[in-house]
Amino acid sequence: MKHAVGIDLGGTNIKAALVNGETGEVVQHRSTATRDGEWVDGQPRFALGVRSLVEELEAVAGEGPLPVGLSAPGLADSSGRCIAWMPGRMHGLERLDWGDFLERRVAVLNDAHAALLGEVWTGAAKGLRHVCMLTLGTGVGGAVFADGKLLRGAIGRAGHLGHVTVNATGVKDDFNTPGSLERAIGNQSVGERGEGRYETTHALVAAAQAGDPQAQDVWSRSIRDLAAAIASMINVLDPEVVIVGGGIASGAGEFLFEPLRRQVAEYEWQPGGHSCPVVPAVAGEWAGAVGSVYAVLNPEVACDRGQ
């Protein structure tokens, strides 16, 4: 099998990629609106959209039915066939058996897990066996690659690195975590952190770069909390590298990474002078689709039981 199809099922768009099974190269790609909340004959419209995209890319490949990797928000079950837990949105996603629905060999995994596997296969973690990844956006996602395998945990929630505590007396986040890293740097809390002056993290960073003292203070505190969390993760997981991606990281660039690396170095335990690099994600917007293909082609790495 020369190719496989990767699906990145998001709340707004479905991204689909025809991926070279040997190199991870995206040969063709498509996207369509998710249309969450719409139903057709008792089936969520996004499921029909996924099936249509799979069939379209299979026609391009001309190899018949292809393996499908699918990344989505929520906790994937241990079989790698469905998302077991995703409350509040994407109705119809929970317990939808994608192997049965698509009648294909399928691997289903959490979207942050898939993004990390994309970096492992083609990006900043290529050739490595111990990696942590954080994605900074509306919230803060995360994933861990430990000893050459995706760390899933007992029920699939391992790697939720945005929901570690950096302030034990802080307000609880949506995951019941007091003073979480997500609230310290995620976009959803920037209005609160900036006392209503900045609607987005992009606006906060622009103001800080322009010399706004309040913006500089808010941004510095956010980076300090992120650095402390990363140093703690290094102590717990001992990665070869920490990858930081997501819209906040790509938008801020070195305005984030230069002070972040400096502060991580201040906090990190460095036995024998060894330090862990903090690097930007490089696999790009198709990392989730590519990583999901890696999962379906390498089930021993990504799922408890290959399907």
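**Entry 1. The second largest cavity**

I looked up the residue classes in the lining of the second largest cavity of this predicted model. I found seven nonpolar residues, one polar and one charged. The lining is made up of His 130, Val 131, Cys 132, Val 144, Phe 145, Ala 146, Leu 237, Asp 238 and Pro 239. I then asked which elements give two or more residues to this lining. They are strand 10, residues 131-136, and strand 11, residues 140-146. Strand 11 supplies the largest share, three residues. I noted a volume of about 30 Å³ for this cavity. A search of the whole structure returned two cavities of 30 Å³ or more.

**Entry 2. The second largest pocket**

I turned next to the second largest pocket, which holds about 270 Å³ of space. It is lined by 15 residues, and those closest to its centre are Asn 167, Arg 183, Ala 184, Arg 193 and Asp 225. Helix 4 (181-185), helix 5 (190-193) and helix 7 (213-237) are the elements that give two or more residues to the lining. Which helix gives the most? I recorded helix 7, with five residues. By class, I listed four nonpolar, five polar and six charged residues in the lining of this pocket.

I followed Arg 183 further, since it had appeared close to the centre of the pocket. The side chain of Arg 183 meets that of Glu 192 in a salt bridge, at 2.5 Å from N to O. Glu 192 is exposed, and its relative accessible area is 52%.

**Entry 3. Salt bridges**

I looked up how many salt bridges the structure holds, and the count is 13. I examined several of them in turn.

The side chains of Arg 104 and Glu 58 form one salt bridge, with 2.7 Å between N and O. Arg 104 sits in the loop between helix 2 (98-102) and strand 9 (106-110), while Glu 58 belongs to helix 1 (residues 45-61), so this pair ties together parts that are 46 residues apart in sequence. Are these two residues buried or exposed? I found Arg 104 buried, at 19% relative accessible area, where the cut-off for buried is under 20%. Glu 58 also counts as buried, with 8% relative accessibility.

I then checked Asp 100, which forms a salt bridge with Arg 81, the closest N and O atoms lying 2.9 Å apart. Asp 100 is in helix 2 and Arg 81 is in the loop between strand 7 (75-76) and strand 8 (83-85), so the pair ties together parts 19 residues apart in sequence. Asp 100 counts as exposed, at 53% relative accessibility.

I closed this entry with a network of salt bridges that links Arg 35, Glu 38 and Arg 45.

**Entry 4. His 3**

I looked up the surroundings of His 3, which lies in strand 1 (residues 3-9). His 3 is buried, with 15% relative accessible area. Which residues does His 3 touch, leaving aside those up to four places away in sequence? I listed Leu 18, Val 19, Asn 20, Gly 21, Val 27, Glu 63, Leu 66 and Pro 67. With Glu 63 there is a polar contact between the two side chains, at 2.6 Å. I also noted the separation of His 3 and Val 68, which are 65 residues apart in sequence and 9.7 Å apart in space, C-alpha to C-alpha.

Technical notes. Residues are numbered from 1 along each chain as its sequence is written. This is a predicted model: local features need pLDDT of at least 70, side-chain atom pairs count only at pLDDT 80 or more; totals for chains, interfaces and linings use all residues. Side-chain values use heavy atoms; hydrogens and water are left out. On a 1 Å grid over the protein atoms alone, a cavity is a set of points where a 1.4 Å probe fits but cannot get out, and a pocket is an open set with protein on both sides within 12 Å along at least five of seven lines; lining residues have an atom within 4 Å of a point. Grid points are joined across faces, edges and corners, and a volume is the space filled by probe spheres set on the points. Helices (H or I, at least four residues) and strands (E, at least two) are DSSP runs, numbered from the N terminus. Ala, Val, Leu, Ile, Met, Phe, Trp, Tyr, Cys and Pro count as nonpolar, Asp, Glu, Lys and Arg as charged, and the others, Gly among them, as polar. A salt bridge is a side-chain nitrogen of Lys or Arg within 4 Å of a carboxyl oxygen of Asp or Glu. Buried means under 20% relative accessible area, exposed over 50%, partly exposed in between (1.4 Å probe, protein chains only). Contact means heavy atoms within 4.5 Å. A polar contact is a pair of N or O atoms within 3.5 Å; within protein, one must be able to donate a hydrogen and the other to accept it, and residues adjacent in sequence count only if both atoms are side-chain atoms.
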